[in-house]
Amino acid sequence: MSTITIDCGTCAVRDIACADCIVSVLMGVPSEEELSFDAAEQAAIGALTSSGLVPPLRLVPQERACS
């Protein structure tokens, strides 16, 4: 398992599904745009999610428009 990067700034459901997303539940709405989780952190998140203690990741990535 490699590192996963979550960029809330490119999430298509930002501000719509944040309240039911593991990122917001565990960390609040992140001040940085990107968060990274290594293999051990991903395993811990998976265990919490599969046991029903926290909601799953609701990230729906979309491409940012180039300016």
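In this predicted model, R58 counts as partly exposed, since its relative accessibility is 33%. A salt bridge connects R58 to D20, and the closest N and O atoms of the two residues are 2.6 Å apart. Distant parts of the chain are linked by this pair: R58 belongs to the segment after α2 (39-50), whereas D20 belongs to the loop between β1 and α1, and 38 residues separate them. D20 is likewise partly exposed, its relative accessible area being 39%. A search covering the whole structure returns 1 salt bridge.

The protein chain contains 2 helices and 2 strands, arranged in the order β-α-β-α from the N terminus on. Of its 67 residues, 22% count as buried. The accessible surface of the chain amounts to about 4,500 Å², and carbon and sulfur atoms contribute 57% of it. When contacts between residues at least 6 apart in sequence are considered, 76% of them join residues at least 24 apart.

The two strands are paired. Strand β1 (residues 4-7) and strand β2 run antiparallel and are joined by 4 bridges. Within this pairing, E34 of β2 is the bridge partner of D7. The C-alpha atoms of D7 and E34 are 4.3 Å apart in space, although the two residues are 27 residues apart in sequence. A further approach across the strands involves I6 and S36, which are 30 residues apart along the chain and have their C-alpha atoms separated by 6.2 Å.

Residues of β1 were examined individually. I6, which is found in strand β1, has a relative accessible area of 4% and is therefore buried, the limit for this class being under 20%. D7 lies in the strand as well, and its relative accessibility of 14% also places it under the 20% limit, so D7 counts as buried. The side chain of D7 has a polar atom that lies 3.0 Å from the backbone nitrogen of G9. D7 thus appears in two relationships, as the bridge partner of E34 and through this side-chain approach to the backbone of G9.

In a regular strand, side chains alternate between the two faces of the sheet. Strand β2 (residues 34-37) has a covered face formed by L35 and F37 and an uncovered face formed by E34 and S36. F37, on the covered face, is also approached by a residue of a helix: its backbone oxygen lies 3.0 Å from a polar atom of the side chain of Q42. Q42 has its place in helix α2. With a relative accessible area of 19%, Q42 is buried, because the class extends to values under 20%.

Helix α1 (residues 22-27) includes V25. V25, together with L26 and M27, makes a nonpolar surface patch of about 260 Å². The relative accessibility of V25 is 39%, so this residue counts as partly exposed.

The loop between β1 and α1 holds D15 in addition to D20 of the salt bridge. D15 is not a glycine, yet it has a positive phi of about 75°. Its relative accessibility is 65%, and D15 therefore counts as exposed, the threshold being over 50%. D20, in the same loop as D15, is partly exposed at 39%.

How values were computed. Residues are numbered from 1 along each chain as its sequence is written. This is a predicted model: local features need pLDDT of at least 70, side-chain atom pairs count only at pLDDT 80 or more; totals for chains, interfaces and linings use all residues. Side-chain values use heavy atoms; hydrogens and water are left out. Buried means under 20% relative accessible area, exposed over 50%, partly exposed in between (1.4 Å probe, protein chains only). Contact means heavy atoms within 4.5 Å. Accessible areas come from the Shrake-Rupley method with a 1.4 Å probe; for residues, only the protein chains shown count as cover. Patches are made of residues with over 30% relative accessible area and no salt bridge: like charges are joined within 9 Å, nonpolar side chains (Val, Leu, Ile, Met, Phe, Trp, Tyr) within 5 Å. A salt bridge is a side-chain nitrogen of Lys or Arg within 4 Å of a carboxyl oxygen of Asp or Glu. Two strands pair if DSSP finds at least two bridges between them. A polar contact is a pair of N or O atoms within 3.5 Å; within protein, one must be able to donate a hydrogen and the other to accept it, and residues adjacent in sequence count only if both atoms are side-chain atoms.
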